[in-house]
Amino acid sequence: MQHYIYGFLMSMVLAYLVTPFVMKLSWKIGAVDVPNDARRVHKKPMPRLGGLAIYISFVVVGLITLPLNLPYVQGIFLGATIIVIVGILDDIYDLPAKVKLLGQIAAAVVLLQFGIKVQLITNPLGGMILLGKLAIPATLFWVVGITNTLNFIDGLDGLAAGIAAIAAFTMMLVNLSLEQANGALIMALLAGAAIGFLPYNFNPAKIFMGDTGAMFLGFVLAAQAIEGAVKSATAIALIVPILALGLPIFDTAYAILRRFVNGKPLMQADKGHVHHRLMAIGLSQKQAVLYMYVISISLGICSVVLAMIGIKQAAVVFALVIFMLLVSVRYINITVEAKKSTHGM
């Protein structure tokens, strides 16, 4: 256990020390977020290359603590580096969505080349179903989806970093229970890097993580989830990260559905995300973020508990969690509409 604690602390301290230098670099190279539309919560220009500090701390400590001869460790490092390069370019030049998508696909292909792929899924009637040739599109869908999920929820100070840290810590505990030592260490390093960055990113933020950080965190979480599922060959290994990332996954899915129903482009940004709704009913930035932390921690606890029981019980609890999220979002929407009507009168 000391190995994981040391890795976590080293990554956290390094991220904390590196972030001020990255802040200066962001201003120097023009990686600055300028609020230019109504959906922006912040009101002044902000450096947005903070994800580079998270990446540097993760990689540096990883090079010291992880067995670099393992193909899957090499694949995660190389794929993550591609993601970070794309993120840096986007944080400086605002790349088109299609270009970012191609970069994410390229990083996912790297994972495939190193043997990291979704090879099986749960059979509702029992056992597992081998995907065969469908493993490639399933892997691409999973990696690109989770990578963008963290990116979409990065709308308030400290939100994405905190939720990623909670998810990583949750997956670390589950990997330990499955005796996956390297996977647990990777998650410990990721959690440490995110938490070390958080003091600069929590409201009032001094720096944003940008697409560099959000995509990097999402990519590593997605890659380790696949590797954990492959090694354990159990459905619970893939259900756990879905639950651990339940809030951003749900928020993204709900946003896509909302835009589709309203006839708007699926990638068009709006102020309909859960955190925007929470602020619309009167919560401050800090309160909204802390509220979503509590939800994520609750989901994380559920996922750790589920790792210790059977798939049938897991399915029931998972359904209940989704129902609770739906009811919560519905309540928030009703409250928002009621406030609008009151102001309108």
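**Notebook: the Phe 58 rings and other sites**

I began with two rings and noted that Phe 58 is buried and that Phe 216 is buried as well. Before going further I wrote down that I am working from a predicted model, so every value in these entries is computed from predicted coordinates.

**Entry 1: the chain as a whole**

I looked up the general make-up and found 13 helices and 4 strands in the chain. Of its 345 residues, 51% count as buried. I then took the contacts between residues at least 6 apart in sequence, and among these 75% join residues at least 24 apart. The chain exposes about 15700 Å², and carbon and sulfur atoms supply 71% of that area.

**Entry 2: aromatic pairs around Phe 58**

How many aromatic pairs are there? I counted 5 aromatic pairs by the ring-centre rule. One of them joins Phe 58 and Phe 77, whose centres lie 5.9 Å apart with 50° between the planes, and I entered this pair as tilted. That label follows because planes under 30 degrees apart would count as stacked and planes over 60 as edge-to-face. Phe 58 belongs to helix H2 (residues 51-65) and Phe 77 to helix H3 (residues 71-93), so this pair ties together parts that are 19 residues apart in sequence.

I checked how well covered the two side chains are: Phe 58 has a relative accessible area of 1% and is buried, and Phe 77, at 12%, also counts as buried. The ring of Phe 58 pairs with that of Phe 216 too, with centres 5.5 Å apart and planes at 70°, so I entered this pair as edge-to-face. Since Phe 58 lies in helix H2 and Phe 216 in helix H8 (residues 210-232), the pair ties together parts that are 158 residues apart in sequence. Taking the ring pairs together, I found that they link Tyr 55, Phe 58, Phe 77 and Phe 216 into a cluster.

**Entry 3: Thr 212**

I stayed with helix H8, which also holds Thr 212. Is Thr 212 buried or exposed? Its relative accessibility is 0%, so Thr 212 counts as buried. I then looked for polar partners of its side chain and found that it reaches the backbone oxygen of Gly 87 at 3.1 Å, while the backbone nitrogen of Ile 88 lies 3.1 Å from a polar atom of the Thr 212 side chain. Leaving out residues up to four places away in sequence, I listed the residues that Thr 212 touches as Leu 49, Gly 51, Leu 52, Val 84, Gly 87, Ile 88 and Asp 91.

**Entry 4: Met 23**

I turned to Met 23, which is placed in helix H1 and, at 17% relative accessibility, counts as buried. The C-alpha atoms of Met 23 and Pro 47 are 6.2 Å apart in space, although the two residues are 24 apart in sequence. Apart from its neighbours within four places in sequence, Met 23 is in contact with Pro 47, Tyr 200, Lys 206 and Ile 207.

**Entry 5: a nonpolar patch on the surface**

Next I looked at the surface, where Met 1, Ile 5, Tyr 6, Leu 9, Met 10, Val 60, Leu 63, Ile 64 and Leu 68 form a nonpolar patch with about 850 Å² of accessible area together. The elements that give two or more residues to this patch are helix H1 (2-29) and H2. Which element gives the most to the nonpolar patch? I found that H1 does, with 4 residues. Met 1 sits in the segment before H1, and its relative accessible area of 61% makes Met 1 exposed.

**Entry 6: backbone points to remember**

I finished with two backbone details in loops. The peptide bond from Asn 203 to Pro 204 is cis, with omega near 0°, and Pro 204 is found in the loop between helix H7 (181-201) and H8. Asp 94 is not a glycine, yet I found a positive phi of about 55° for this residue. Asp 94 lies in the loop between H3 and helix H4 (97-113), and with a relative accessible area of 52% Asp 94 is exposed.

Key
Residues are numbered from 1 along each chain as its sequence is written. This is a predicted model: local features need pLDDT of at least 70, side-chain atom pairs count only at pLDDT 80 or more; totals for chains, interfaces and linings use all residues. Side-chain values use heavy atoms; hydrogens and water are left out. Rings of Phe, Tyr and Trp (its six-membered ring) pair if their centres lie within 6.5 Å; planes under 30 degrees apart count as stacked, over 60 as edge-to-face and the rest as tilted. Buried means under 20% relative accessible area, exposed over 50%, partly exposed in between (1.4 Å probe, protein chains only). Patches are made of residues with over 30% relative accessible area and no salt bridge: like charges are joined within 9 Å, nonpolar side chains (Val, Leu, Ile, Met, Phe, Trp, Tyr) within 5 Å. Accessible areas come from the Shrake-Rupley method with a 1.4 Å probe; for residues, only the protein chains shown count as cover. A salt bridge is a side-chain nitrogen of Lys or Arg within 4 Å of a carboxyl oxygen of Asp or Glu. A polar contact is a pair of N or O atoms within 3.5 Å; within protein, one must be able to donate a hydrogen and the other to accept it, and residues adjacent in sequence count only if both atoms are side-chain atoms. Contact means heavy atoms within 4.5 Å.
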